[in-house]
Amino acid sequence: LPDALAEPATGMPLAAERRAAAIGRTSTYPDWRATFEHEIATHDWPAVLADWLGRLAPGFAGAAAHGIIRTAHAVRALARHESAP
């Protein structure tokens, strides 16, 4: 399998005190996967969803807007002075 399709490494569930620092770090993907597998195995999925949706929603909004903000900065700069790519 190509690397992009390979099964990710197995991680360990993140302790509650480590989760804030691990958000957004791709290197912690295996640990996040293990964390959510554990959460869903030990709680009803609606409870897990309700618990995590509020925690992760602010990051989603920031990530969704990031590209348009960078594009707006580029347009503003090009409006002042066009340059080669």
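Of the 85 residues in this chain, 15% count as buried, where buried means under 20% relative accessible area, exposed means over 50%, and partly exposed lies in between (1.4 Å probe, protein chains only). The model is a predicted one, in which local features need pLDDT of at least 70 and side-chain atom pairs count only at pLDDT 80 or more, while totals for chains, interfaces and linings use all residues. Residues are numbered from 1 along each chain as its sequence is written, and side-chain values use heavy atoms, with hydrogens and water left out.

**Stop 1: the overall layout**

Start with a cartoon view. You should find 3 helices and 0 strands, following the pattern α-α-α along the sequence. Helices (H or I, at least four residues) and strands (E, at least two) are DSSP runs, numbered from the N terminus.

**Stop 2: helix α3**

Next, select residues 45-80, which make up helix α3. With 36 residues, α3 reaches 51 Å from its first C-alpha to its last, close to the 52 Å expected at 1.5 Å a residue; the expected span is 1.5 Å times one less than the number of residues. Where does α3 bend? Center on leucine 53, where the helix bends by about 40°. That bend is the angle between axes fitted to the seven residues ending there and the seven starting there.

**Stop 3: a nonpolar patch**

Stay with leucine 53 and add Ile40, Trp45 and Leu49 to the selection: these residues form a nonpolar patch on the surface, with about 460 Å² of accessible area together. Accessible areas come from the Shrake-Rupley method with a 1.4 Å probe, and for residues only the protein chains shown count as cover. Patches are made of residues with over 30% relative accessible area and no salt bridge; like charges are joined within 9 Å, and nonpolar side chains (Val, Leu, Ile, Met, Phe, Trp, Tyr) within 5 Å. The largest share of this patch, 3 residues, comes from α3. Leucine 49, for its part, sits in helix α3 and is partly exposed because its relative accessibility is 44%.

**Stop 4: the aromatic cluster**

Now show side chains and pick Trp32, Phe36 and Trp52, which form one aromatic cluster. How many aromatic pairs does the whole structure hold? A search finds 3. Tryptophan 32 and phenylalanine 36 make a stacked pair, 5.8 Å centre to centre with 25° between the planes. Rings of Phe, Tyr and Trp (its six-membered ring) pair if their centres lie within 6.5 Å; planes under 30 degrees apart count as stacked, over 60 as edge-to-face and the rest as tilted. Tryptophan 32 and phenylalanine 36 are about one helical turn apart, because they are separated by 4 residues in helix α2. Tryptophan 32 is buried, with a relative accessible area of 12%, whereas phenylalanine 36 is partly exposed at 24%.

Phenylalanine 36 also pairs with tryptophan 52, this time edge-to-face: 5.0 Å centre to centre and 70° between the planes. This pair links distant parts of the chain, with phenylalanine 36 in helix α2 and tryptophan 52 in helix α3, 16 residues apart. Tryptophan 52 is buried, with a relative accessible area of 5%.

**Stop 5: the salt bridges**

Switch to the charged side chains, where a search of the whole structure finds 3 salt bridges. A salt bridge is a side-chain nitrogen of Lys or Arg within 4 Å of a carboxyl oxygen of Asp or Glu.

Select glutamate 39 and arginine 19 to begin: their closest N and O atoms are 3.7 Å apart. The pair links distant parts of the chain, glutamate 39 in helix α2 and arginine 19 in helix α1 (residues 16-22), 20 residues apart. Are these two partners buried or exposed? Glutamate 39 is buried, with a relative accessible area of 11%, and arginine 19 counts as buried at 16%.

Move along helix α2 to glutamate 37 and arginine 33, whose side chains meet in a salt bridge (3.1 Å, N to O). Both lie in α2, 4 residues apart, about one turn of the helix. Glutamate 37 is partly exposed at 47%, as is arginine 33 at 29%.

Finish this stop in helix α3, where aspartate 51 and arginine 55 lie 4 residues apart, about one turn of the helix. Their side chains meet in a salt bridge (3.0 Å, N to O).

**Stop 6: tyrosine 29**

Last, select tyrosine 29, found in helix α2 (residues 29-42). Tyrosine 29 and threonine 10 are 19 residues apart in sequence and 9.2 Å apart in space, C-alpha to C-alpha. Tyrosine 29 is partly exposed, because its relative accessible area is 44%.
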